[in-house]
Amino acid sequence: MMDLPESIREKVLRDVIDTAPFPIGVYTGDKMKIVLANQSMIKTYGKGPNVIGTNYTEILPELENQQIFDQLREVLYTGKSYEAKNARVDIVVNGKLKPHYFNYNFTPIFGAEGEVYGVMNTAAEVTELNVARQQTIEIEKKLRLAVESSQLGIFEIDIKKGLMRGSKRFTNFFGLEKREFTLNTLVSFIHPEDIALWHNALETLSETADLNCELRVINNKKLQWIRFSGSLSESDDKENTIVGIAQDITVQKENAQELMQLVEQRTLELRRSNDDLKQFGHVISHDLKEPVRKLLLFSNILKEDLDNDKKPRMSQYAHKINKSAARLTEMIDSILNYSSAGSPDLNEVVDLNHIIENIKEDLEIKIVEKHAVIEHKKMPLLNGSKILFHQLFYNLIANSLKFSRDNFDSHIKIDCSFDSEKLLITITDNGIGISIENSLRIFNVFERLHSKDEYEGTGLGLALCKKIVERHNGKMIYVKPEATGAVFEITFPADILH
């Protein structure tokens with residue numbers, strides 16, 4: 001299933017959940033908004049088909065005094081699962097309050113940061129089983145048939161004799177033909193790591209009179225999850241006998257895992273989107289300033305030359321204005337495409353040489369002011385996002401120019417090397433450098449090592465650089481140089497090379 005495209009995998013998962021023979025629901029928030037309910041759960045509610053998006057507390061107000069809402073909130077607040085066995089639940093169906101009996105679970109759903117944001121409700125209705133306990137043997141036989149048809153297996157355990165008897169469906173869980181076998185036979189099917197859980201469940205019978213556990217069993221090398229629910233029989237002729245039901249919850253467990261993975265993926269995408277918004281603010285407030293600054297500078301010079309009738313230089317300035325305007329348009333288009341796509345395309349062909357030359361054009365005025373030389377080797381073509389790689393090198397080069405030393409011409413060098421395992425890019429400058437004690441803080445968001453009076457900026461630049469590198473499965477570190485200046489090393493896996 002994991003080999004299927006995400007959209008198909010999600011559809012298959014939802015179809016499986018919707019057609020599952022047992023109720024499944026997912027609730028979020030203090031009012032327990034219903035965000036998912038399969039057909040079996042909708043039928044259990046008995047309130048019609050249009051329940052998705054409504055609050056659980058509103059469509060089933062009759063549960064208010066039955067402690068069920070308190071149980072749900074306890075799971076939401078504490079992150080601890082809750083399980084009820086043979087619990088009576090009175091539900092209004094067709095205008096009448098009717099008693100029902102359920103084995104149900106409230107399981108917390110955690111986000112990527114470990115917070116509880118929802119509760120998954122699974123249930124198996126055992127109303128007929130509880131009614132049958134109060135009826136004749138003939139009704140009990142009919143109940144057994146009903147349980148079999150609902151894909152539940154029934155069993156009895158004679159504790160003194162160490163024997164177990166089960167229905168046909170129950171013995172099928174273990175691939176057994178005999179309906180009676182020893183408890184040791186059952187234990188031989190239980191996953192080694194879960195045997196202690198089984199023994200503990202049996203030992204607690206003397207205190208609770210109930211048997212409740214979920215175990216992994218291995219049948220013909222196939223792993224299955226089985227839920228056991230039972231209690232000590234109240235019949236006089238079945239003293240020290242456990243009567244219960246078993247349910248194959250393998251699909252339920254797998255679906256829950258798939259659902260949690262989807263939630264984690266959506267949470268990661270949301271976090272990336274928030275990071276992108278921060279980056280847009282940085283781009284708009286800093287990167288777009290340079291082309292605008294050049295437009296203003298050369299338009300003012302052009303105006304002065306028009307006043308002084310210096311026509312030979314007018315064409316040169318007009319060319320620079322046009323080029324800066326075109327560059328500004330290109331950057332704005334890239335930002336708009338980036339934002340409308342929701343997530344950057346990491347499979348574009350990126351020419352680092354072209355990107356560096358564009359950045360040199362954008363920063364032309366600062367380069368002239370700093371008497372800077374930007375030296376770079378022939379850079380390779382990469383697979384990645386053009387706008388993110390532009391942002392990466394823009395921030396690094398702009399930082400080197402910003403933090404240059406007074407009375408020294410700025411020199412920025414960009415080297416690269418690669419082999420069959422990795423691509424290494426090194427950016428070196430001869431600026432003021434970064435002290436050892438500050439080198440651990442430079443990648444923190446909004447971390448400034450200098451006051452705003454000394455150097456402009458938000459403290460986002462290097463933090464964004466690190467995120468862009470990690471977005472492309474790379475690593476970025478600061479290397480303390482022997483001489484004055486700063487050295488950054490960026491490493492990517494070799495498969496980034498185009």
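Which residue in β18 is the bridge partner of Lys 422? Keep that in mind; the tour reaches it at the second sheet. Note that this is a predicted model.

**First stop: the six-stranded sheet**

Select β8, β7, β6, β11, β10 and β9. These 6 strands, in that order, make an open sheet with antiparallel pairing. Go to the edges next: β8 (180-182) and β9 (210-219) each pair on one side only. From one strand to the next, the twist averages 30°.

Now zoom in on residues 222-232 and 241-248. They are β10 and β11, an antiparallel pair joined by 7 bridges. Pick Phe 228: its bridge partner in β11 is Ala 246.

Add residues 195-203. This is helix α9, packed on the sheet. The helix touches β6 (152-158), β7 (163-166), β9, β10 and β11. Its direction makes about 160° with that of β9.

**Second stop: the five-stranded sheet**

Select β13, β15, β16, β18 and β17. In that order, these 5 strands form an open sheet of mixed pairing. β13 (373-376) and β17 (475-479) stand at the edges with a single partner strand each, so one side of each has no neighbour in the sheet. Direction ignored, neighbouring strands are turned by 15° against each other on average.

Show residues 422-429 and 487-493. Here β16 and β18 run antiparallel, with 7 bridges between them. Click Lys 422: its bridge partner in β18 is Pro 493.

**Last stop: two helices on this sheet**

Select residues 352-362, helix α14. It packs on the sheet against β13, β15 (411-418) and β16, at about 180° to the direction of β13. Then select residues 386-402, helix α16. This helix touches β13, β15, β16, β17 and β18. Its direction makes about 140° with that of β15.

Terms used
Residues are numbered from 1 along each chain as its sequence is written. This is a predicted model: local features need pLDDT of at least 70, side-chain atom pairs count only at pLDDT 80 or more; totals for chains, interfaces and linings use all residues. Side-chain values use heavy atoms; hydrogens and water are left out. Two strands pair if DSSP finds at least two bridges between them. Helices (H or I, at least four residues) and strands (E, at least two) are DSSP runs, numbered from the N terminus. Axes are lines fitted to C-alpha atoms, for helices over the stretch in contact, and angles run from 0 to 180 degrees between N-to-C directions. Contact means heavy atoms within 4.5 Å.
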